[in-house]
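The following exercises ask the reader to work through helix packing, burial and backbone geometry in one protein model. Each task is followed by a solution in steps.

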Amino acid sequence: MRKLFLSTLSLVVGTIGLHAQETGLKSSVKNVEAKVDSVLNIMTLEEKVGQMIQYNGSWDLTGPASETGNKQKEDRLKKGLVGSMLNVLSVEATEKAQKLNMENSRIKIPIIFGYDVIHGYKTIFPVPLAETASWDMEAAEESARIAALESVAEGVNWTFSPMIDVSRDARWGRIMEGSGEDPYLTSQVAVAKVNGYQGDDLADPNTIAATAKHFAGYGFAEGGKDYNTVNIGKNELHNVILPPFKAAADAGAATFMNAFNTLDGIPATGSESLQRELLKTEWGWDGFIVSDWGSISEMIPHGFARDKVHAAEIAVKAGSDMDMEGGAYQAGLEQLVAEGKVDEKLINDAVRRILRVKFMMGLFDDPYRYINAEVKNEVPYEQHLETARDIARKSIVLLKNENDLLPMSASAGKIAVIGPLANDKDTPIGNWRAQGEANSAVSVVEGLKNQLPDSEIVYSEGVKLGMGERSFLMPLEINKTDTTGVGEAVMNARDAEVVVMVLGEDAFQSGEGRSQANIGFAGLQLELLKKVYAVNKNIVLVLINGRPMELSWSAEHIPAIVEAWQLGSESGNAIADVLLGKYNPSGKLPVSFPRAVGQEPLYYNYKNTGRPYSEQHVTYSHYTDIENGPLFPFGYGLSYTTFDYAKPTLSSATLTSGETATLSVAVTNSGDTKGKEVVQLYLRDMVASTSRPVKELKGFELIELEAGETKTVEFEISEEMLQFYTANEKWEAEEGEFRLMVGTNSEELQTVTLNFQK
Ligand code: BGC
């Protein structure tokens with residue numbers, strides 16, 4: 001791919017990454033700070049405020065200038081009073097907007113074009129929760145790199161991704177957009193994504209700027225209800241929510257996005273302690289913070305600001321640098337400075353950060369650097385689909401496989417493929433689909449037919465799931481009454497050798513604003529499943545969904561269950577690869593699956609409580625009406641082969657500050673098929689200055705083993721690994737006993753003990 005841009009690249013001189021090494025932002029552009037100052041010094045206050053404003057490209061920029069509605073916005077573009085636009089999506093449109101700005105404005109500062117490129121631009125990859133289930137960080141980086149290439153082919157040079165909000169609540173619709181419940185795993189993904197989008201040089205026209213979002217706490221919305229209040233203390237904030245953001249900042253994420261929620265009463269967008277003090281000062285991060293959509297003005301309904309001007313004052317003091325489509329900075333900043341309520345130094349700080357990123361992206365050398373009509377013709381979309389298929393199959397998690405029902409034999413007799421999602425070409429594209437075309441995914445029916453052209457594959461929908469028109473903003477209507485297809489489905493199932501039931505969630509059941517109080521099968525799906533089960537028990541249940549679901553009945557009765565999430569463009573082909581054994585499933589859950597929605601928030605890294613367990617009486621921490629614990633735990637996933645773990649050994653039972661110890665464990669593929677295993681390392685700090693989780697993921701390694709092969713996996717144990725945010729409000733390791741646990745998922749673990757001393 002790099003050759004595509006050779007002509008443009010040859011314009012770039014200098015070596016990579018010299019500036020701002022300390023903060024991680026990497027660019028081959030030299031002397032950035034001096035250049036930033038030289039521009040800042042000649043800017044008027046109005047122009048500075050303009051840089052802090054981002055407009056939605058809600059009008060046709062390629063058409064004639066409109067006299068109504070957007071005229072004012074277009075005039076501001078011409079005056080150089082817009083720093084960025086979002087949702088401007090083509091080479092023609094970005095070029096037009098950039099030209100309006102560059103050819104008419106006094107100051108000629110290039111604008112940057114942002115977009116939600118969440119799991120692919122045109123080629124759609126698995127939704128982030130699914131992709132995390134691959135535990136394959138090379139895959140996570142690769143899909144981001146491809147998304148970047150396809151974005152720049154349309155003039156987009158900044159993505160609002162990765163979303164690295166740790167979330168433990170399956171009710172929250174946006175859980176599909178993140179990496180699940182674990183801060184360590186989410187941090188690894190954060191780094192992979194930043195590297196994938198940004199490469200090692202922000203000025204490389206093959207790359208786009210990344211955004212770590214939503215800073216911070218958004219994934220902890222009370223009751224799993226989107227935008228809701230977040231009530232957590234410092235311990236949880238620093239130990240669970242912030243580590244992925246620190247990792248993204250260290251990896252050099254060019255931008256951060258703040259969040260809609262309040263955190264302990266303060267809107268994140270207005271939080272000086274989070275943005276100015278922690279991120280910018282303590283962590284020394286040099287990029288800029290964009291608000292979430294209108295989140296500055298939303299401080300008014302939060303009851304935190306009187307009006308837009310007041311909201312602008314709070315946000316700029318807190319360190320929010322750019323106002324996304326909120327109108328607050330435009331309404332208030334100039335006036336606030338004139339009245340002496342906001343020190344111009346704060347404006348300068350924000351603008352300096354925005355200019356820094358623009359310089360580092362090479363935009364001052366060439367404002368049209370990322371706008372090149374030729375590129376699109378050269379993007380290898382076909383090749384990207386192959387990668388999408390490979391990443392999709394790596395993301396599939398085998399949850400149950402009784403009597404080795406899977407893999408299915410290619411010579412199986414009649415296969416009945418049943419369910420509302422079985423031939424659905426749209427839902428696998430998922431929510432936040434960027435320019436992924438509607439109905440463009442390979443369905444399960446198509447995937448199976450592609451690979452079994454001579455088999456008898458009979459499809460029946462059974463029941464409909466989502467009905468009517470569906471879109472990002474519209475509420476989804478679920479079919480609760482129409483059962484007309486059930487009879488045919490049952491008939492087809494009756495004499496089938498095997499039934500592949502494809503059930504789950506519509507694409508628009510998860511995503512922003514899609515929180516649910518129920519997380520079982522919506523509509524008539526469970527009823528359909530039970531009717532089919534009554535005539536044929538040989539069922540492989542394939543789940544297509546964006547969140548952990550409540551699957552108790554299925555887990556008890558259905559012999560084989562495959563978690564296939566929303567896998568993107570190549571979904572059906574990837575699913576067929578796994579069902580037919582062409583790919584041996586290797587995914588592991590990045591979130592706990594509950595037995596009942598009432599267990600939510602459910603997560604493996606909980607704290608022990610003072611009353612963890614008792615067989616004698618009821619006064620301990622549990623639910624009395626269900627079996628406690630998850631249905632499928634974090635880190636869980638089966639394979640068509642089996643792995644045996646030998647006893648782990650530790651090079652030394654004591655670790656002293658500054659030294660390292662090695663934990664080794666030999667893993668053997670004890671089955672007769674080649675397979676991949678994610679070897680997982682957890683630890684528990686037994687006694688500490690604050691109560692610590694019963695286990696926390698601290699390392700993992702994805703290995704591939706031939707049948708019969710053994711590999712020894714080694715984890716280096718260092719003081720850093722033992723650190724947490726202590727009662728002293730510092731990251732440090734405390735002396736004492738640690739249990740190190742290693743194994744195949746968060747529940748099947750073997751333990752060794754380590755003593756740490758300073
Ligand atoms: C979402 C952000 C997104 C933004 C721009 C907001 O509603 O919360 O994650 O980046 O819209 O589309």
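**Exercise 1. Two packed helices**

In this predicted model, helix α15 (residues 381-394) and helix α20 pack with their axes 8 Å apart, at an angle of about 50 degrees. Determine how the pair is classified, and which residues form the contact.

Solution.

Step 1. Two packed helices are described by the angle between their axes and the distance between the axes.

Step 2. Angles under 35 degrees count as roughly parallel, and those from 65 to 115 as roughly perpendicular. The angle of about 50 degrees between α15 and α20 fits neither class, and the two helices are therefore oblique to each other.

Step 3. The crossing of α15 and α20 is right-handed.

Step 4. From α15, the residues Arg389, Ala392 and Arg393 take part; they meet Asn573, Ala574, Asp577 and Val578 of α20. By class, the residues of this contact divide into three nonpolar, one polar and three charged.

**Exercise 2. The surroundings of Asn573**

Locate Asn573, and state whether it is buried or exposed and what it touches.

Solution.

Step 1. Asn573 belongs to helix α20, which spans residues 571-579.

Step 2. The relative accessible area of Asn573 is 8%. Buried means under 20%, so Asn573 is buried.

Step 3. Leaving aside residues up to four places away in sequence, Asn573 touches Arg389, Val442, Gly447, Asn450 and Gln451. One of these, Arg389, lies in α15 and has a part in the contact between α15 and α20.

**Exercise 3. The buried side of a helix**

Which residues of helix α2 (residues 32-40) are buried, and why do they lie on the same side of the helix?

Solution.

Step 1. The buried residues in α2 are Val32, Val36, Val39 and Leu40.

Step 2. These residues cover an arc of only 100 degrees around the axis, which puts them on the same side of α2.

Step 3. A general rule helps here: an α-helix has 3.6 residues a turn, so residues three or four places apart point the same way.

Step 4. Among the elements that cover the buried residues of α2 are α3 (45-51) and α13 (344-360).

**Exercise 4. The partner helix α13**

Describe how α2 and α13 cross, and list the residues that meet.

Solution.

Step 1. The axes of α2 and α13 come within 9 Å, and they cross at roughly 125 degrees. That makes α2 oblique to α13.

Step 2. The crossing of these two helices, α2 and α13, is right-handed.

Step 3. On the side of α2, the contact holds Val32, Glu33, Lys35, Val36, Asp37, Val39 and Leu40. On the side of α13, it holds Asn348, Val351, Arg352, Leu355, Arg356, Phe359 and Met360. By class, the contact has eight nonpolar, one polar and five charged residues.

Step 4. Glu33 of α2 is partly exposed, at 26% relative accessibility.

**Exercise 5. Sequence separation and distance in space**

Consider two pairs: Met686 with Arg739, and Glu33 with Asp404. How far apart is each pair along the chain and in space?

Solution.

Step 1. Met686 and Arg739 are 53 residues apart along the chain, and their C-alpha atoms are separated by 7.2 Å.

Step 2. Met686 lies in the loop between β23 (675-685) and β24 (696-705). Its relative accessible area of 23% makes Met686 partly exposed.

Step 3. Apart from residues up to four places away in sequence, Met686 touches Glu737 and Arg739.

Step 4. Glu33 and Asp404 are 371 residues apart in sequence, and 62 Å apart in space from C-alpha to C-alpha.

**Exercise 6. Special backbone geometry**

Which residues with a positive phi are not glycines, and where do cis peptide bonds occur?

Solution.

Step 1. Asp404 has a positive phi of about 50 degrees. Asp404 is in the loop between β11 (397-401) and β12 (415-418), and counts as exposed at 61% relative accessibility.

Step 2. Trp565 has a positive phi of about 45 degrees. Trp565 is in the loop between β18 (560-563) and α20, and counts as buried at 0% relative accessibility.

Step 3. A cis peptide bond, with omega about 0 degrees, joins Lys213 and His214; His214 is in strand β5 (residues 211-215).

Step 4. Another cis peptide bond joins Glu600 and Pro601, with omega about 0 degrees. Pro601 is in the loop between α20 and β19 (643-645).

Notes:
Residues are numbered from 1 along each chain as its sequence is written. This is a predicted model: local features need pLDDT of at least 70, side-chain atom pairs count only at pLDDT 80 or more; totals for chains, interfaces and linings use all residues. Side-chain values use heavy atoms; hydrogens and water are left out. Buried means under 20% relative accessible area, exposed over 50%, partly exposed in between (1.4 Å probe, protein chains only). Helices (H or I, at least four residues) and strands (E, at least two) are DSSP runs, numbered from the N terminus. The arc is that of the directions from the helix axis to the C-beta atoms. Contact means heavy atoms within 4.5 Å. Axes are lines fitted to C-alpha atoms, for helices over the stretch in contact, and angles run from 0 to 180 degrees between N-to-C directions. Angles under 35 degrees count as roughly parallel, over 145 as roughly antiparallel, 65 to 115 as roughly perpendicular and the rest as oblique. A crossing is left-handed if the near helix is turned anticlockwise from the far one by less than a right angle, and right-handed if clockwise. Ala, Val, Leu, Ile, Met, Phe, Trp, Tyr, Cys and Pro count as nonpolar, Asp, Glu, Lys and Arg as charged, and the others, Gly among them, as polar.
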